[in-house]
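User: I am new to reading protein structures. Could you walk me through this one with a few questions and answers?

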Amino acid sequence: MLLLAGAMLFTACASEKEYLVTIKTEYGDMHAILYDETPQHKENFIKLAKEGFYDSLLFHRVIEDFMIQTGDPDSKDAKAGRPLGSGGPGYQIPAEFDKDLFHVKGALSAARTNNPEKKSSGSQFYIVQGKKWTEKELTTDMNKCGAAARQLMERGDQDSVKQMLINIYQTEGPEAYGNKLIEMRDYISDVMQVDLTKEIAPERLKAYTTIGGAPHLDDEYTVFGKVIDGLEVIDKIAAQPTDQRDRPKSDIRMMVEVEEMPKKKITKLYGYEFPKEEK
């Protein structure tokens, strides 16, 4: 009985603490938490951080309105212009997807190669910047919309629409063309008699329309943490000039620290409210 009580007390004390990740850069510090729902990614990140693996590594891939990527050990002493992004600790981590974890701004997510199991890199990760999206953008099935638009342009009574869309694609590019299709979704749907909408979870819809993020990455790359303080640092890094490979022209290094501390202290310092645990 005493042994059971002691074990319960230890478990309760352990659940009252959490690791706080601090990512230090010349543009400021970011503080993040790691999710219990992705235990293998969490354990691996803490292990590497404690070993100093991440210290002095570069943010080697930076794309504004998308994400900032780091964690390649080859970047530590990389000369200017050297291609980066292929390094790692020599192992991968099985994907750990969770419907409640998605690519909202500030998400810590594991980079990966193009592998069928969607296994994560053992060390490389990115922090999402993304952008804010409209409800129509998030609820349009672009594959269906694109197919329906191509069928519409084959109709003899849609020549003016065809010429307009072709002109947009040729003069403004694929992104502008896609935006126009979203704008015309209801028209294409009515003419072709097809539903071009898709479902999105309410919590994702709210997050992406108010905070922003990168929804096209959801369920493709493992989200294992979240920046809870220092989102402005992401914006500063993402705004830096880059070369043709998206590497910043001036090196941006980081130092990573992990510290276990009471959840109440993290909440007090950074305002993050931990999910209530089920009893």
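**Two buried charges and some empty space**

User: Happy to start! Where in the chain is Glu96 placed?

Analyst: Keep in mind that this is a predicted model. Glu96 has its place in a loop, which runs between strand 5 (92-93) and strand 6 (107-110).

User: Which side chain of opposite charge is nearest to Glu96?

Analyst: Glu96 is buried, yet it has no salt bridge. A salt bridge needs the nitrogen and the carboxyl oxygen within 4 Å. The nearest side chain of opposite charge is 11 Å away, and it belongs to Lys42.

User: With which side chain does the side chain of Glu96 make a polar contact?

Analyst: Let's look at the neighbours. Leaving out residues up to four places away in sequence, Glu96 touches Thr38, Pro39, Gln40, His41 and Thr222. The polar contact of its side chain, at 2.6 Å, is with the side chain of His41.

User: Is Arg247 buried or exposed?

Analyst: Arg247 sits in the loop between helix 9 (231-238) and strand 10 (255-262). Buried means under 20% relative accessible area. Because Arg247 has 5% relative accessibility, it counts as buried.

User: Which side chain makes a polar contact with the side chain of Arg247?

Analyst: One partner is a backbone atom: the oxygen of Lys79 lies 2.9 Å from a polar atom of the Arg247 side chain. Beyond residues up to four places away in sequence, Arg247 touches several others, including Leu58, His60 and Pro241. The side-chain partner, at 3.2 Å, is Asp251.

User: Now for the empty space. Which helix gives the largest share of the lining of the largest cavity?

Analyst: The count comes to two cavities of 30 Å³ or more, and the largest cavity holds about 70 Å³ of space. Among the residues that line the largest cavity are His41, Asn44, Phe45 and Tyr54. The largest share of this lining is three residues, and they come from helix 2 (residues 39-51).

User: And which helix gives the largest share of the lining of the largest pocket?

Analyst: The largest pocket has a volume of about 740 Å³. It is lined by 27 residues, and those nearest its centre are Trp133, Glu137, Lys198, Pro215 and His216. Two or more lining residues come from each of helix 3 (135-138), helix 4 (142-153), helix 6 (174-183) and helix 8 (202-210). The largest share, five residues, comes from helix 6.

Note on methods: Residues are numbered from 1 along each chain as its sequence is written. This is a predicted model: local features need pLDDT of at least 70, side-chain atom pairs count only at pLDDT 80 or more; totals for chains, interfaces and linings use all residues. Side-chain values use heavy atoms; hydrogens and water are left out. Helices (H or I, at least four residues) and strands (E, at least two) are DSSP runs, numbered from the N terminus. Buried means under 20% relative accessible area, exposed over 50%, partly exposed in between (1.4 Å probe, protein chains only). Lys and Arg count as positive and Asp and Glu as negative; His and the chain ends are not counted. A polar contact is a pair of N or O atoms within 3.5 Å; within protein, one must be able to donate a hydrogen and the other to accept it, and residues adjacent in sequence count only if both atoms are side-chain atoms. Contact means heavy atoms within 4.5 Å. On a 1 Å grid over the protein atoms alone, a cavity is a set of points where a 1.4 Å probe fits but cannot get out, and a pocket is an open set with protein on both sides within 12 Å along at least five of seven lines; lining residues have an atom within 4 Å of a point. Grid points are joined across faces, edges and corners, and a volume is the space filled by probe spheres set on the points.
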